[in-house]
Amino acid sequence: MTEIMGHDEFDDVDGYQKIDRYNLKLVNEIASKYKTILTDIGENPQREGLLKTPERVAKAMQYLTHGYDLNPHEILKSALFKEDYSQMVIVKDIEVYSMCEHHLLPFFGKAHIAYIPNGLVVGLSKIPRVVDAFARRLQVQERLTNEIRDCIQETLFPKGVAVVIECSHLCMQMRGIQKQNSVTTTSAFTGEFLKDPTRKEFISLIGSKLH
């Protein structure tokens, strides 16, 4: 049974409501494991500052991975409209927050997405929601990029899709090679964006400061 824990919510312009929801049974199960982890690394889970940490981490992990409960294709299908428009549609600078599946550390940055309609357009807010649906899972950036591309292509059947993601990875910055200024860029294209002139136009537009 899923219950609402804490009531952090807001409405945006298209009526979307954010509510933090947690499965109480799962919170307790995950929290007990983190209590053991704290002990294993030499901490005292009974000291004041750590008493509620296992529960907080359990809730955080549920929120950070809630994309498993979302259907990105259905998100797009909920706002499809017939429209005679056949030029590039770009949504850029979409904030990305995800968790690296190798070390369970965050990676974050921006996604730039474009598609060329083929009789259908989608509500603009749905594209960032698709990004979130895939990003709020354990991920690698390469797969995330392809999943977003494929979801848009398979749902809208556009003439082409372009996805570029730029992220910083804490698994590279906090540990391992410890290169704090490194940024990873991935890209994926279909259809018209496989053609050099169209791809160059997209790259030029996401690099410009039109806003």
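Author: Two strands are said to pair if DSSP finds at least two bridges between them, and in this predicted model that rule applies to strand S4 (residues 89-100) and strand S7 (residues 138-139), where Cys100 stands opposite Gln139 in S7.

Reader: What makes S4 and S7 a pair, and in which sense, parallel or antiparallel, do they run?

Author: The definition asks for at least two bridges, and S4 and S7 are joined over 2 bridges in the parallel sense, so the requirement of at least two is met.

Reader: How do you know that S4 pairs with strand S5 (residues 106-116), and what stands opposite Val91?

Author: Between S4 and S5 there are 9 bridges, with the strands running antiparallel; since pairing needs at least two, these strands count as paired, and Val91 stands opposite Ile113 in S5. S4 and S5 form a hairpin with 5 residues between them, and Leu104 in the turn has a positive phi of about 55°.

Reader: Why is helix H4 (residues 126-135) called oblique to helix H5 (residues 141-156)?

Author: The two helices pack at an angle of about 135°, with their axes 10 Å apart. Roughly antiparallel requires an angle over 145 degrees and roughly perpendicular one of 65 to 115, and because about 135° falls in neither range, H4 is oblique to H5. The crossing of H4 and H5 is right-handed.

Reader: Which residues of H4 and H5 meet, and of what class are they?

Author: Val130, Val131, Phe134 and Ala135 in H4 meet Leu144, Glu147, Ile148 and Cys151 in H5. By class, this contact has 7 nonpolar, no polar and 1 charged residues; Glu counts as charged, so the charged residue is Glu147.

Technical notes. Residues are numbered from 1 along each chain as its sequence is written. This is a predicted model: local features need pLDDT of at least 70, side-chain atom pairs count only at pLDDT 80 or more; totals for chains, interfaces and linings use all residues. Side-chain values use heavy atoms; hydrogens and water are left out. Helices (H or I, at least four residues) and strands (E, at least two) are DSSP runs, numbered from the N terminus. Axes are lines fitted to C-alpha atoms, for helices over the stretch in contact, and angles run from 0 to 180 degrees between N-to-C directions. Angles under 35 degrees count as roughly parallel, over 145 as roughly antiparallel, 65 to 115 as roughly perpendicular and the rest as oblique. A crossing is left-handed if the near helix is turned anticlockwise from the far one by less than a right angle, and right-handed if clockwise. Contact means heavy atoms within 4.5 Å.
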